[in-house]
Amino acid sequence: MDRMFDQDQVDFAAIWEQYADSYGYATPRRGDIREATVLHVSSGEVLFDIGSKQDAVLATGELQRLEPQELASIQIGKLLPVYVIRLDFVTGRIQVSIEMAREYADWLRAEALLESGEIVQAEVVGFNKGGLLCEFGRIQGFVPASQILYGAHPGRQGDMSGMVGAALALKVIEVNRNRRRLIMSERAAAREWRVQQREILLDELQVGDVRSGTVSNLCDFGAFVDLGGMDGLVHLSELAWERVGHPREVVQIGDTVKVLVLNIDPARQRIGLSLKRTQADPWERASHYEAGMVVEGTVTHVVNFGAFVSLMPGIEGLIHSSELGPDDPDPASVLEEGQQVRVLVLGVDAVEHRISLSLHLDETAA
């Protein structure tokens with residue numbers, strides 16, 4: 001009996017193929033995605049025209065799972081993609097699934113993202129000891145713990161529970177539909193984003209632009225500022241109008257600052273920035289000083305050819321060693337940093353930011 005039934009199935013399948021070929025119908029196969037027209041809707045059955053001789057029916061299990069509002073949205077004449085599950089040779093009906101068609105489309109989208117390298121946003125819906133679970137349409141993506149940028153999120157390092165509900169920028173790094181594996185990476189997305197932003201930044205940035213950025217690193221010779229995809233350097237001399245010994249005297253890592261673009265080298269991918277030039281130039285007030293005036297100041301730096309004296313924040317003048325005494329003494333033997341002195345203004349060049357000074361007789365104050 002079973003053998004006869006099997007033979008009937010084979011015969012029916014063969015007849016179906018011949019009939020379909022004769023009348024121009026494409027024989028539906030499991031896994032096909034068809035554009036279907038809704039023919040009939042009821043609480044017990046949904047029928048579709050999928051371009052085949054026989055009408056297709058929505059799988060019973062899926063129909064039972066449909067919420068009332070979802071069923072109401074399936075209206076006669078509406079076009080929907082459906083996934084061919086199987087051809088029932090007993091009833092002659094083709095069983096299809098709307099949900100599987102949508103899921104299949106999500107896998108195709110994941111494969112396209114893997115190919116293109118495009119960055120996508122996904123919401124974290126859960127976690128386990130290995131990483132984060134993210135929503136990707138009707139399938140679930142996984143972000144391994146090693147691919148999470150913990151520093152970009154509030155909370156304790158390695159704590160994934162606080163990230164549920166967060167929207168992450170991710171890059172697809174592996175797709176295996178058969179094993180239902182969709183692996184994503186926040187780290188790879190961040191790298192890709194910086195590469196893209198670097199190209200955009202170098203293309204649109206102009207000398208003289210004022211940009212906001214975040215201080216990303218400090219070193220002895222200056223501070224690096226992230227402009228959004230690429231760091232620029234604020235040299236020590238461009239941090240403030242007054243003399244600066246180390247960048248930490250002016251800024252800290254994480255500070256948001258406004259900087260002026262001084263120079264751009266696309267070939268070497270370097271950007272020179274200035275922090276002080278976004279602030280009022282104190283030398284615009286240098287007209288306050290005139291030759292012949294005697295003023296007070298503080299020694300800020302002693303060098304072998306003289307000493308620099310701060311007259312007001314951002315304005316320094318130079319006492320050349322020849323102006324320290326009749327015998328042109330060693331500046332370090334006469335003055336020291338931090339010492340208060342009275343000086344005679346010899347000349348002012350506000351354009352070149354220079355003031356020449358002379359130690360005023362013996363009017364130094366220890």
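This is a short talk about one chain, its five-stranded barrel and a few side chains around it.

Okay, housekeeping before the fun part. What we have is a predicted model, where local features need pLDDT of at least 70 and side-chain atom pairs count only at pLDDT 80 or more, while totals for chains, interfaces and linings use all residues. Residues are numbered from 1 along each chain as its sequence is written, and side-chain values use heavy atoms, with hydrogens and water left out.

So, the overview. The chain holds six helices and 20 strands; these are DSSP runs, H or I of at least four residues for helices and E of at least two for strands, numbered from the N terminus. Of the 366 residues, 37% are buried, and by that I mean under 20% relative accessible area, with exposed being over 50% and partly exposed in between, using a 1.4 Å probe and protein chains only. Now contacts, meaning heavy atoms within 4.5 Å: if you take those between residues at least 6 apart in sequence, 57% join residues at least 24 apart.

On to the barrel. Five strands close it, in the order E16-E17-E18-E20-E19, and the pairing is mixed. Strands pair here if DSSP finds at least two bridges between them. Direction ignored, neighbouring strands of this sheet are turned by 50 degrees against each other on average; the axes are lines fitted to C-alpha atoms, with angles between N-to-C directions running from 0 to 180 degrees.

Let's walk along the first part of that order. E16, residues 294–303, pairs with E17 in the antiparallel sense over five bridges, and Thr298 stands opposite Ser310 in E17. A hairpin with two residues joins E16 to E17. Then E17, residues 306–312, runs antiparallel to E18, residues 315–320, with six bridges between them. One partnership to remember is Phe308 with Leu318 in E18. That second hairpin also has two residues between its strands, and Gly314 takes a positive phi there, near 95 degrees.

How many residues of E17 are buried? Five of the seven, so E17 is largely enclosed by the rest of the structure.

Now, which residues does Glu316 touch once you leave aside its neighbours within four places in sequence? Arg243, Trp283, Thr300, Phe308, Val309, Ser310 and Ile355. Glu316 lies in strand E18 and counts as buried, at 17% relative accessibility. Its side chain makes a polar contact with the side chain of Arg243 at 2.9 Å, and another of 2.7 Å joins it to the side chain of Thr300. For the record, a polar contact is a pair of N or O atoms within 3.5 Å; within protein, one must be able to donate a hydrogen and the other to accept it, and residues adjacent in sequence count only if both atoms are side-chain atoms. Glu316 and His301, by the way, are 15 residues apart in sequence and 10.0 Å apart in space, C-alpha to C-alpha.

Arg243 has another partner in this neighbourhood. Its charged end sits over the ring of Phe308, 4.8 Å from the centre. The criterion is NZ of Lys or CZ of Arg within 6 Å of the ring centre and within 35 degrees of the ring normal. Elsewhere, Arg109 lies over the face of Phe136, at 4.0 Å from the ring centre.

Rings next. A search of the whole structure finds three aromatic pairs. One of them is Phe221 with Phe224: the centres are 6.3 Å apart and the planes at 85 degrees, so that's edge-to-face. The rule is that rings of Phe, Tyr and Trp (its six-membered ring) pair if their centres lie within 6.5 Å, with planes under 30 degrees apart called stacked, over 60 edge-to-face and the rest tilted. Phe221 is partly exposed at 44%, and Phe224 is partly exposed at 24%. Another pair brings us back to the barrel: Phe305 and Phe308, centres 6.3 Å apart and planes at 85 degrees, so edge-to-face too. Phe305 is partly exposed, with a relative accessible area of 37%.

Phe305 also leads to Ser321, in the loop between E18 and helix H6 (331–334). Not counting residues up to four places away in sequence, Ser321 touches Phe305, Gly306, Asp328, Pro329 and Pro331. At 7% relative accessibility, Ser321 is buried.

Last one, for contrast. Arg191 is in helix H5, residues 186–204, and is exposed, with a relative accessible area of 53%.
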